[in-house]
Amino acid sequence: MFPNPFPVASIVRFACRPVRLWAVALALCASTLALNAHAQRTLSLDAALRLAEERSRQLVAQDAAAGAARAMAVAAGQLPDPVLKAGISNLPVNGSDRFSLTRDFMTMRSIGVMQEFTRADKRQARAARFDREAEVAEAGRAVALANLRRDTATAWLDRYYQGRMRELLQIQRAELNLQIDGADAAYRGGRGTLSDVFTARSALAQLDDRILAQERQIVTAQTRLARWVGPITPPPSPVLPDLSSVRVDAHNLETRIGEHPQIALMARQEAAARAEADIAQSNKRSDWSVELMYSQRGAAYSNMVSLNLSIPLQWDQKNRQDRELAAKLAAVEQLQTQREEATRESATEALSWLQQWQSNRKRLALYDSSLIPLAAERTQAVLASYRGGASPLSAALETRRMEIDTRLERLRLEMDTAALWAQLEFLIPATHPALDTGPSAATGETQEPQK
């Protein structure tokens, strides 16, 4: 007989393989569904930004202000409404002809129309002033939107990292429970002391107190986030945005700081002040008014037509129109100098944020490469020494507490770095034409994995 090429064990394994494959496939499907369900119950940063923008009433108010100014610009460019005039002149009030409209030849019933002809350049200047006010409102909307995005991102990141800190404390609590069980077993086996048991339980109580304090921080962070995205919101998504780069760098910060929404708003306000100065300049030339009137007298007398021309006499321009123009030009200079000073201050502040952000990233790399691994290795070494009876449990617990503090400090540093990222990321609007070529990275460092 030929030997069996398929041993019984191989046949059984081969027969069971489809079952295992189906089991693996079902497990993968179940895990995928669970991840999708979890993703639906969480809030990403992009979704939070969209919700905050949809809920904002400040943006609606700025849109309404811009629309109102645009409408006023159209109205300001038109001629003034004509004036209809009607009246009675030279009406007798005594004698035989009193209150008669027809017997006295001087009595006239008049109707007329008067039109003020505002100069075209003056109407254009007034319309331009409201156009500039509309641009101020639009720039104010950009400021409100930038502040909203920055504050929403900061609140979202704060809530995210507060949750990460709670997870870290809970993981450490589970490990501390194992140490308490070990201390109890050692005490019952005569290898430990009752003092070790109480020391471990005291450490657990202190850790529970830290978890409760962290829960309060989470509630506070959730309240701040609800200010922007609504009171009923899921927790933040576990997926962080790319925090390794920002849109500005130290080389082009001076040139791009003018795109800052607040600086852009001040530039629009300066343009509106210039439009006011243009109106003051146009006011140095008077507008004319023309009046046409038709007067009717008695049947025995001729009717009459009157044509009047009115021109204001600017006999003291030096103390009126020139003074007004000087005041408007001084206001323009004031706004210009304020904008230049604010530009310098904003550039310095942004550069300080950028330098601190870059420094924090280097510190995070140090935590990941040295501080946290060393703290973990020290904890393992002291725990091994404790299990071998060479060191007390208090030393092991103190070492573990120091490791927890190191990991928490790393998370706090990462949270501060993320807050700086939000300040820099939303410093300049992403929709600005200068950004069409794509964001520029402020550093060439590679992104560290999220801890």
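How exposed is Arg407, in terms of its relative accessible area? Keep that question in mind as you work through these exercises on a predicted model.

**Exercise 1. Describe the setting of Arg407 and its salt-bridge partner Glu403.**

Step 1. Start with the opening question: Arg407 is partly exposed, with a relative accessible area of 26%.

Step 2. Turn to Glu403, which has a relative accessibility of 7% and counts as buried, since the cut-off for buried is under 20%.

Step 3. Look at the contact itself: the closest N and O atoms of Arg407 and Glu403 are 3.2 Å apart.

Step 4. Place the pair in the fold. Both Arg407 and Glu403 belong to helix α9, and four residues, about one turn of the helix, separate them.

**Exercise 2. Work out which helices are joined by the salt bridge between Arg410 and Asp368, and say whether the two residues are buried or exposed.**

Step 1. Check the distance: 2.8 Å lies between the closest N and O atoms of Arg410 and Asp368.

Step 2. Locate each partner. Arg410 sits in helix α9 (residues 393–425) and Asp368 in helix α8 (residues 321–387), so this pair ties together parts that are 42 residues apart in sequence.

Step 3. Add the accessibility: Arg410 and Asp368 are both buried.

**Exercise 3. Treat the salt bridge between Asp63 and Arg141 in the same manner.**

Step 1. Here the side chains of Asp63 and Arg141 meet at 2.8 Å, N to O.

Step 2. Asp63 is found in helix α3 (residues 58–76) and Arg141 in helix α4 (residues 120–188), so the bridge links parts that are 78 residues apart in sequence.

Step 3. Now the accessible areas: Asp63 is partly exposed at 40%, and Arg141 is partly exposed at 25%.

**Exercise 4. Find how many salt bridges the structure holds, and name the residues of a network built from shared partners.**

Step 1. The count for the structure is 28 salt bridges.

Step 2. One network, made by salt bridges that share partners, joins Arg129, Glu133, Glu276 and Lys328.

**Exercise 5. Identify the residues that form a negative surface patch, then characterise Glu349.**

Step 1. The patch consists of Glu340, Glu341, Glu345 and Glu349.

Step 2. Glu349 is located in helix α8.

Step 3. With 42% relative accessibility, Glu349 counts as partly exposed. That value fits its place in the patch, because patch residues need over 30% relative accessible area.

Terms used:
Residues numbered from 1 in each chain as written. Predicted model: local features only at pLDDT ≥ 70, side-chain atom pairs only at ≥ 80, totals over all residues. Heavy atoms only, no water. Salt bridge = Lys/Arg side-chain N within 4 Å of Asp/Glu carboxyl O. Helix = DSSP H or I, 4+ residues; strand = E, 2+ residues; numbered from the N terminus. Buried < 20%, exposed > 50% of the residue type's maximum accessible area, 1.4 Å probe, protein only. Patch = residues over 30% accessible without salt bridge, like charges linked within 9 Å, V, L, I, M, F, W, Y side chains within 5 Å. Areas by Shrake-Rupley, 256 points an atom, 1.4 Å probe, with all protein chains shown as cover. Lys, Arg positive; Asp, Glu negative; His and termini not counted. Charge placed at Lys NZ, Arg CZ, Asp CG, Glu CD.
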